[in-house]
Amino acid sequence: MPGSTDLSISADTLTVEAWKAACLACNVDSEDLARVVARHFRLPTADMSEADPAVVELVPHGIALKFGALPLGHGERTLILAVSDPTPPDLERELAFTSGRCVSFRIAPPSDIAKAIEVAYRPDWAATWLLEQVPGEVGDGVELGRQRMVEEITEAEIDSKPIVRLTKTVLQMAVEQNASDIHIQPSAGGGVVRFRVDGVLRTGMHMPLPITTRVISRIKVLGRLDIADRLRPQDGRAEIRVHERPYDLRISTVPTRRAEKAVIRILERRQELGLSEIGLSENEIRRMCEVLRQRDGLIVVTGPTGSGKSTTLHAALSHISSEDVNIVSVEDPVERELNGLTQVQVEESQGLTFLSALRAIMRQDPDVIVVGEVRDAETASIAARASLTGHLVLATLHTNEAIGVVRRLLDLGIDPSILVDTLRGSLAQRLVRTVCPNCVEPASDPLTEEERALFRRFQTRPTVRVVGCGECNHQGYKGRVPVVEFLVVSDTLAELILEGASPTELRSQAIADGMTPLLESALVRVRSGETTLQEVERVVGRMPPVDSVSAHPSTSTQPRDEDPRLAESTHATSRVLVVDDDVQHRVIVRSLLERAGYHVTESEDGSAGLARLARGEHFDLMLLDLSMPMLGGREVLAAVRRSVGASDLNVVVVTDAPDPDTELEMLQAGADAYVRKPIEARSLMEQIEAVLRSPPSQTSPSNQECPVVK
């Protein structure tokens, strides 16, 4: 050991003073001395970060102070303690008697143990210590206040105690990071505060369990909740001001095994946003405005929780709000107070439900009715009846895609004839993070392995690559934009609904009517450099299964996906090249083929398809559209059959030409099969399977006999 070895310390010297003297005399720090002491007594050193707050209950505060012993953990019959001096004769006996367990020791410096005991047994001191770990002046920019009724004019007093200041600090950190939610939750190792920023949770702070429960109690006081009741879920509201800007808080608590968990939704009071300000494309705005011009009917915004449904709904309301329109909403909860409409808050404990509120609203002479969420059959029935009696009804619903609204409303008991008379449109929405403009880089070659895999999957080349910097908290993303698919109920789609067509047939028709699929909407954001394929995969994932790729689907009511042959591909690893100038058809065909196990590549025109073949890319089959601008299917087929490297490529021609002579012409030119539009999914798959099972043709088109179409 470095330093002096001639050290004499009196036996009655306090342990902390003895450690200081030893460190000074030997020129070592307290951690080095702890390792020496541990070796001397053949004990391990203590890791103070592993202390379990739940073990504190086994050792009273006075006993811990008397012996300088901090409980670290326990087993079924053992108790682990951190001490700096394991020699007092009554130490082991008294701690074993108090805890009812056999004790084992770990060595730690006495100053570290004393500080840890204060943190574990005195929450106020621990809160002050936590605040010291946060850089800068925090918490002072936050004013806390309870949610006040109209008649209340006094403001809540500002308390300067450490717990209150720590609560302010948590709220201020969340607001400054643009968090939408705060999660304060207990765990085995204490408590953790997490912020949801741009839809993703980030850890903001760790704290001891006693501190966690006190902060949650302070939050409950702000929300007028019962702090004595920790066994039932509770909901409340509060308001704060951060740097003079007002925010509303929605507070929810639930009991857990260890303590309560609190989730706080942060709502900024901001100017109302219009449709053009929430990030919708010009095409979606145009389609939305056309539907909003209706004076009756039902418009539904759908998507999972946190996908921006309320923001889009409020933007639609701001578009139609005027002095001559009476708009009444029923919401649970009312997230934002909007100008120009009457908002009714659901209070189920007082008998004010969605159902009773809607019945009352119908007697308030409304022009537009807003239903915060259609949750049950009765609410759906009243909303549908209101839309039939000259009211425009806007509502939200939880489904995964726009066409899912049809199935959901039918499941809730709405008659198909009423549904087609009332439903005007449905908008499905997700939010994808946008790249941080301060650190984004072009996705230049070579692409990473992950980027190449996503490129193959989505057939869209990444344009940007995230890096991470201080401005985006090293995430690479900052802010979010919506990706949507907007379904407008056309006459053809209404007929399919009445005939009981499958959801995939309805979706195909909606795309033919002009709906951009959700995935394609997201990929547009990728091509423009606003987001990445990684983010699209996280939020949107794969397209929903599609069983029909017809622009004008068959009206058969028999579900197309019940035939097991669709999934029994004998060429599940085959590569298919889809050459078609119609992007919507390419997306749908791709989804259908990938569902059957094929590897699919897209080309937007004949030239691009031939270029892939010229580069030596291998495919087992080409699905070739006959009618394309510039270089049509006839020219592409002729070029394929002339090419030595691609002459044996299987080619299935797709066209809407009704002339049988065209079919004969294509087969004589070297096509292996011919499929007419509108495409029926089962027929297409059978043709592809039959062609791939047949041996490839080795003859040139000039002397080739007309093959048999299976």
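In the predicted model, the side chain of Arg433 is placed over the face of Tyr477, with a distance of 4.1 Å from the ring centre. Pairing between aromatic rings, by contrast, is not found in the chain, for which the count of aromatic pairs comes to zero.

At the level of the whole chain, the secondary structure consists of 24 helices and 24 strands. The chain comprises 710 residues, of which 49% count as buried, and its accessible surface amounts to about 33,900 Å², with carbon and sulfur atoms contributing 49% of that area. Among the contacts in the chain with a separation of 6 or more, 65% are accounted for by residues 24 or more positions apart.

The surroundings of Gln234 were examined individually. Gln234 belongs to strand β8, which spans residues 234–242, and its relative accessible area is 12%, so Gln234 is classed as buried, the limit for this class being under 20%. A polar contact is formed by Gln234, whose side chain reaches the backbone nitrogen of Asp226 at 2.9 Å. Asp226 also appears in the list of residues in contact with Gln234 once neighbours within four places in sequence are left aside; that list further includes Lys220, Leu225 and Asp229, together with Ile251, Ser252 and Thr253. Gln234 thus combines a position in strand β8 with a buried setting and a side-chain link to the backbone of Asp226.

Note on methods: Residues are numbered from 1 along each chain as its sequence is written. This is a predicted model: local features need pLDDT of at least 70, side-chain atom pairs count only at pLDDT 80 or more; totals for chains, interfaces and linings use all residues. Side-chain values use heavy atoms; hydrogens and water are left out. Helices (H or I, at least four residues) and strands (E, at least two) are DSSP runs, numbered from the N terminus. Buried means under 20% relative accessible area, exposed over 50%, partly exposed in between (1.4 Å probe, protein chains only). A polar contact is a pair of N or O atoms within 3.5 Å; within protein, one must be able to donate a hydrogen and the other to accept it, and residues adjacent in sequence count only if both atoms are side-chain atoms. Contact means heavy atoms within 4.5 Å. Accessible areas come from the Shrake-Rupley method with a 1.4 Å probe; for residues, only the protein chains shown count as cover. Rings of Phe, Tyr and Trp (its six-membered ring) pair if their centres lie within 6.5 Å; planes under 30 degrees apart count as stacked, over 60 as edge-to-face and the rest as tilted. A charge sits over a ring if NZ of Lys or CZ of Arg is within 6 Å of the ring centre and within 35 degrees of the ring normal.
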